[in-house]
Amino acid sequence: MADSIHDRDVLRRLAAEWAEVAALPIHQETAEGWRHVNDLEPGRPMVWINEIPWHEMNMDDELTLQCQDPFCRAHEERMRRTLYQWRHLPADMIVEPVYRAGLVIHDSGLGIDEDVDIARTDAASDVVSRHFHPQISCEADLAKIKTPVVQHDPEASAAVRERLDGLFGDLLPVEMQGAPGFWFAPWDELIRWWGVEAAMTDLVDRPELVHQAMDRLVNAYLARLDQYEDQGLLARNDNATRIGSGGYGHTRALPRPAVGRLAPPDLWGCATAQIFSDVSPRMHEKFALHYELRWLDRFGLTYYGCCEPLDRKVTMLSQVPNLRKISMSPWVDLERAVEAVGGRYVISRKPNPAILASDGWDASRVREELDQELSIMAGCHVEIIMKDISTVRYRPQRLWEWARVAHEAVQDAAARYA
């Protein structure tokens, strides 16, 4: 279809700015910094911000969409957000000199859609409270979990490529890609179908049913992965792709086959069991890691964790042979985490985003807390990931300032990580 001159002009202006930013030499230096951390080499901690409350961030119409066509608006939104983050809160962000768009891939899913009641405190926010209606309560219900069917639509992918090329491909190269890794969190799925309290109770009351459910669900995930591999639908993620709940995947430790399809050993993988925050290491291993290992073993390097505190579970996680990064959420004892991790893995440190939502804002407090944590983690391999930001109280400058302060803090601490 022919795009309007107006929409084309809007996207071309953004694409030209993206290309100009991406050409800056700083990105190569930043990528090297991420490689040092990810490859367990000496190097200062890296800082990145994700999961931003975009509905609160618009200033001077920087994020106001101007395109009319839905396809153009979707790509305009992505471009505007990328450029906004570069201008105001980049930290160790990388803007690559290419615009990657996803292949059109149809996935039939796992067979169950969550049945949920949603409560909102802010109509503009994606952060909501959920009450799940259980759909799995007995062995017969496990049959509801289906094996996904994956199918690429090459004609639709070609149409997307042609349209983007026509809009701005002469200014910013367009690259179509498959899946650059997967978010693997089977327990996140199960609790939506089972109910949180019932699922946790059944770890004790009906353990065999839980084992059957995890086995069936992980088999479904693995079947999906096989289809992506067999159809050549995997994409590299040792670049400025987010890995797990952490930062970028730049590394020299993964194979780069010159020919042939990518396979999971060429990629980062990840896993998490967030609902197991208060579950003992023994039960975590028995009901989660035992099954997650079947997934993690397929990949070249892996990242584990998200919001669950893992400072007491590093010994359990050490049995993951390709583990490279461990999430250390705001709820860990950081000194215990450092003692357990040492230099064996990357500490993916997550500061508490509540500091951005407080009644008052004090940048000096941000710096003080970061300096204290950087001192504790001195000598380790560290990334600092500010995420799960529900609100900045509609004061985006707070996050801008957090990014500036955090970046200054890690630069000042660099000597302790050399």
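Which residues are buried in H5? The close-ups below, taken from a predicted model, start with that helix and then move on to other parts of the structure.

**View 1. Helix H5 is mostly covered.** H5 spans residues 186–194, and 7 of its 9 residues are buried. Look for Pro186, Trp187, Asp188, Leu190, Ile191, Trp193 and Trp194, the buried residues of H5. Just after the helix comes glycine 195, which takes a positive phi of about 95°.

**View 2. Helices H7 and H8 meet and cross.** Here you can follow H7 (residues 207–230) as its axis comes within 10 Å of that of H8 (residues 281–296), with a crossing of roughly 20°. An angle under 35 degrees counts as roughly parallel, and H7 and H8 are therefore roughly parallel to each other. Their crossing is right-handed. On the H7 side, the contact is made by Pro207, Val210, His211, Met214, Asp215, Val218, Asn219, Tyr221, Leu222 and Leu225. On the H8 side, Lys286, Phe287, Ala288, Tyr291, Arg294 and Trp295 take part. Sorted by class, the residues of this contact are 11 nonpolar, 2 polar and 3 charged. As you trace the spacing of the names, a general point may help: an α-helix has 3.6 residues a turn, so residues three or four places apart point the same way.

**View 3. An open sheet is formed by 6 strands.** Read across the sheet, the order is E1-E12-E11-E10-E9-E8, with parallel pairing. Strand E1 (46–49) and strand E8 (268–271) are the edge strands, each pairing on one side only. On average, and ignoring direction, neighbouring strands are turned by 20° against each other. To see one pairing in detail, find E9 (residues 301–304) and E10 (residues 323–328), which are joined by 3 bridges. Tyrosine 303 has lysine 325 in E10 as its bridge partner. H8 appears again here: this helix packs on the sheet, touching E8 and E9, and its direction makes about 150° with that of E9.

**View 4. Helix H12 lies across E1 and E12.** H12 covers residues 397–412 and runs at about 170° to E1, while strand E12 is residues 381–386. Another helix, H11 (residues 363–376), joins the picture: the axes of H11 and H12 come within 10 Å and cross at roughly 35°. This crossing is right-handed. H11 contributes Ala363, Val366, Arg367, Leu370, Asp371 and Leu374 to the contact. Among the H12 residues in the contact are Glu401, Trp402, Val405 and Ala406. The contact of H11 with H12 has 9 nonpolar, no polar and 5 charged residues.

Methods
Residues are numbered from 1 along each chain as its sequence is written. This is a predicted model: local features need pLDDT of at least 70, side-chain atom pairs count only at pLDDT 80 or more; totals for chains, interfaces and linings use all residues. Side-chain values use heavy atoms; hydrogens and water are left out. Axes are lines fitted to C-alpha atoms, for helices over the stretch in contact, and angles run from 0 to 180 degrees between N-to-C directions. Helices (H or I, at least four residues) and strands (E, at least two) are DSSP runs, numbered from the N terminus. Angles under 35 degrees count as roughly parallel, over 145 as roughly antiparallel, 65 to 115 as roughly perpendicular and the rest as oblique. A crossing is left-handed if the near helix is turned anticlockwise from the far one by less than a right angle, and right-handed if clockwise. Contact means heavy atoms within 4.5 Å. Ala, Val, Leu, Ile, Met, Phe, Trp, Tyr, Cys and Pro count as nonpolar, Asp, Glu, Lys and Arg as charged, and the others, Gly among them, as polar. Buried means under 20% relative accessible area, exposed over 50%, partly exposed in between (1.4 Å probe, protein chains only). Two strands pair if DSSP finds at least two bridges between them.
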